[in-house]
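The following exercises are to be worked through with the sequence and the model in view. Each task is followed by a solution in steps.

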Amino acid sequence: IYEQPVVVAQTLRAYLRRMENEVAMPDMDFDLGAVKRITIVACGTSFYAGMVAKYWFETFARVPVDIDVASEFRYRNTPLFRNSLFFVISQSGETIDTLAGLREAKRKGYKVLAVNNVVGSSIAREADGGIYQHVGPEIGVASTKAFTSQLLIGAMLALYLGRLRDMSFSDGTEYVRALKGVPDLVRRTLEQAPHIKEIAKRYAHYHDFLFLGRLSLFPVALEGALKLKEISYIHAEGYPAAEMKHGPIALISEQCPSVFFVPAGDMFNKIVSSMQEIKARKGRIIAVATTNCELPPGLADDIIRIPECHEAVLPIVATIPVQLLSYYIAVELQRDVDKPR
Ligand code: M6R
């Protein structure tokens with residue numbers, strides 16, 4: 001977790017062409033400018049990175065994206081579109097379902113681009129083009145720095161594809177400025193650790209959690225829930241915040257806290273109204289909120305502040321508090337965070 005400011009800087013250094021304010025992608029034997037559609041396939045945390053990438057590719061590059069978990073994709077005879085790029089994400093490069101998905105796509109004549117952290121892995125060898133994460137070995141079972149660097153590569157790829165299409169020079173420049181700021185944003189967010197540790201001590205005895213976010217922060221909610229399950233063995237679910245009222249709201253009580261992602265912006269009032277629904281049912285709330293949004297007094301029981309930032313980097317910054325929260329809850333429960341079940 002604490003390596004992240006350094007490793008995201010490494011990932012940036014590998015692909016950001018500073019002078020030209022552009023992203024430089026490694027040589028590939030296909031033309032990214034001709035891509036009309038993208039299909040992303042991955043598993044687990046890498047799949048959630050893909051969900052965020054889908055949001056960015058569609059928002060900033062205006063390329064439609066389909067996404068599937070690899071274990072489903074490989075057995076479903078999904079129709080693929082011509083001129084579509086097949087995109088796999090795998091930290092290890094050895095996840096068998098992802099590899100099988102890649103092989104299935106290649107068999108059908110598609111070009112495959114892989115985001116991968118392990119040089120020379122099976123997925124790296126079999127893909128038509130690869131983007132290495134350059135973050136070093138992910139020692140523990142739980143993916144942390146690998147996830148944030150997958151996000152960063154997704155954000156850079158969205159910029160690259162966007163600039164090949166209709167993203168303006170000035171929007172591109174602003175985007176690059178945001179990317180360059182990521183190591184510092186991550187460092188500043190990590191400074192919240194003592195505060196998050198105190199919160200974790202107060203919440204470690206709960207048996208159920210909800211993680212709620214909207215748009216690009218919905219996959220971060222899924223990732224927060226997965227991290228908590230994986231290392232502390234506490235039951236947790238991630239939902240799009242507004243979907244909560246279509247069923248999961250039945251779970252809300254004093255016994256089931258919710259972690260809400262609350263950025264300033266268009267969704268702010270809607271997220272506040274979801275939080276009010278939780279409060280009305282006596283649910284406790286931990287808000288992960290950007291510094292520029294003012295929450296109604298008393299709505300959140302605990303607030304973890306994250307720096308205000310560009311939409312293209314917000315999911316990276318918002319991931320840090322939920323990694324720390326899971327970590328400190330697991331430590332409080334005396335779980336072995338490096339070798340979970
Ligand atoms: O190596 P991969 O990225 O292909 O692994 C996929 C998942 O098994 C992995 O992300 C898993 O969900 C993480 N250990 C969760 O922290």
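A residue is called buried under 20% relative accessible area, exposed over 50%, and partly exposed in between (1.4 Å probe, protein chains only). Helices (H or I, at least four residues) and strands (E, at least two) are DSSP runs, numbered from the N terminus. The model is predicted: local features need pLDDT of at least 70 and side-chain atom pairs count only at pLDDT 80 or more, while totals for chains, interfaces and linings use all residues. Residues are numbered from 1 along each chain as its sequence is written, and side-chain values use heavy atoms, with hydrogens and water left out.

**Exercise 1.** Determine which residues of helix H7 are buried and what they pack against.

Step 1. The buried residues in H7 are Gly172, Thr173, Tyr175, Val176, Ala178 and Leu179.

Step 2. Contact means heavy atoms within 4.5 Å. The buried residues of H7 pack against helices H1 (4–15), H2 (44–61), H6 (145–164) and H8 (182–190), and against strands S1 (16–17) and S2 (22–23).

Step 3. The expected span of a helix is 1.5 Å times one less than its number of residues. For the 12 residues of H7 (residues 169–180) this gives 16 Å, and the end C-alpha atoms are 16 Å apart, which agrees.

**Exercise 2.** Describe the surroundings of Val115 in strand S6.

Step 1. S6 comprises residues 111–116. Val115 has 2% relative accessibility and therefore counts as buried.

Step 2. Leaving aside neighbours within four places in sequence, Val115 is in contact with Phe87, Val88, Ile89, Ser90, Ile131, Gln133, Gln150 and Ile153.

Step 3. For one of these, Ile131, the C-alpha atom is separated by 4.9 Å from that of Val115, although the two residues are 16 residues apart along the chain.

**Exercise 3.** State which residues come nearest to the ligand, and identify polar contacts with it.

Step 1. A residue is near the ligand if one of its heavy atoms lies within 4 Å of it. Of the 14 residues around the ligand, Ser46, Ser90, Ser92, Thr95 and Glu230 come nearest.

Step 2. A polar contact with the ligand is a pair of N or O atoms within 3.5 Å. A side-chain N or O atom of Ser46 is 2.5 Å from a ligand oxygen atom; for Ser92 the corresponding distance is 2.7 Å.

Step 3. H2 and helix H10 (218–232) each supply at least two residues of the shell.

**Exercise 4.** How many residues of helix H12 are buried?

Step 1. H12 (residues 314–332) has 19 residues.

Step 2. Of these, 16 are buried, and the helix is mostly covered.

Note on methods: Polar contact = N/O pair within 3.5 Å; in protein donor to acceptor, adjacent residues only side chain to side chain.
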